[in-house]
Amino acid sequence: MNIPSGIVTHTRQVCSLYKRALRNLESWYDRREIYRYRALLLRKHFDDNRNVKDMAVAACLLEEGEKELFNTMHYQPLKKANSPGGCAFEREVELPDWVFDYWHPLEKAQYPEFFAKREERKNQFVAWWENQYGKPDPKDLHH
């Protein structure tokens, strides 16, 4: 869940409401033509109130829209597979590079090109680090 930092403008709140309403329609209507028809009706509803200049009226319309969305929320909203709450969210864990240092030599021997390139890149990184920040002081390495 994203927590907004700072003040969220009225325009941003309306855009957020519109997007959440569209996502709610996707949950209710699985047939594309029905969804598109309902989406067009929703867009017309937003466009009809687009030019409201009085901020009190606009705020009231926004609050009514939020209530309507809350009352029509799908009981089991669709979630994209890799989005938070989706069935594949954070399913593939990317291991950090240092894990390869703990492979057994026989395992490393099965992928000689990969580990040769990895050692080359590690040496390049160490050379870049020492060029950028200098060599570490040997006294600091042993406390």
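Helices and strands are here DSSP runs, a helix having at least four residues and a strand at least two. The model is predicted.

**Exercise 1.** Find what UniProt lists for residues 12-69, and describe that span.

Solution. Step 1: the UniProt record, an unreviewed entry, lists residues 12-69 as "domain: Complex 1 LYR protein". Step 2: the span is 84% helix and 0% strand. Step 3: its end C-alpha atoms lie 16 Å apart.

**Exercise 2.** Into which domains is the protein divided, and how far apart do their C-alpha centres lie?

Solution. Step 1: domain 1 covers 10-72, and domain 2 covers 97-133. Step 2: the C-alpha centres of domain 1 and domain 2 lie 53 Å apart.

**Exercise 3.** Decide whether helices α1 and α2 are roughly parallel or roughly antiparallel, and describe their contact.

Solution. Step 1: helix α1 spans residues 10-28, and helix α2 spans residues 32-48. Step 2: their axes are 10 Å apart, at an angle of about 160°. Step 3: angles over 145 degrees count as roughly antiparallel, so α1 and α2 are roughly antiparallel to each other. Step 4: α1 passes α2 in a right-handed crossing. Step 5: α1 contributes V14, L17, Y18, A21, L22, L25 and E26 to the contact, and α2 contributes Y35, R38, A39, L42, R43 and F46. Step 6: by type, these residues are ten nonpolar, no polar and three charged.

**Exercise 4.** Do the same for helices α1 and α3.

Solution. Step 1: helix α3 spans residues 55-71, and its axis comes within 11 Å of that of α1, crossing at roughly 25°. Step 2: angles under 35 degrees count as roughly parallel, so α1 and α3 are roughly parallel to each other. Step 3: the crossing of α1 past α3 is left-handed. Step 4: on α1 the contact is made by H10, Q13, V14, L17, R20, A21 and N24, and on α3 by M55, A58, A59, L62, G65, E66 and L69. Step 5: the contact residues comprise eight nonpolar, four polar and two charged.

Note on methods: Residues are numbered from 1 along each chain as its sequence is written. This is a predicted model: local features need pLDDT of at least 70, side-chain atom pairs count only at pLDDT 80 or more; totals for chains, interfaces and linings use all residues. Side-chain values use heavy atoms; hydrogens and water are left out. UniProt positions are given in the numbering used here, feature names are shortened, and annotations may be inferred rather than shown by experiment. Axes are lines fitted to C-alpha atoms, for helices over the stretch in contact, and angles run from 0 to 180 degrees between N-to-C directions. Angles under 35 degrees count as roughly parallel, over 145 as roughly antiparallel, 65 to 115 as roughly perpendicular and the rest as oblique. A crossing is left-handed if the near helix is turned anticlockwise from the far one by less than a right angle, and right-handed if clockwise. Contact means heavy atoms within 4.5 Å. Ala, Val, Leu, Ile, Met, Phe, Trp, Tyr, Cys and Pro count as nonpolar, Asp, Glu, Lys and Arg as charged, and the others, Gly among them, as polar. Domain bounds come from an automatic or database domain assignment.
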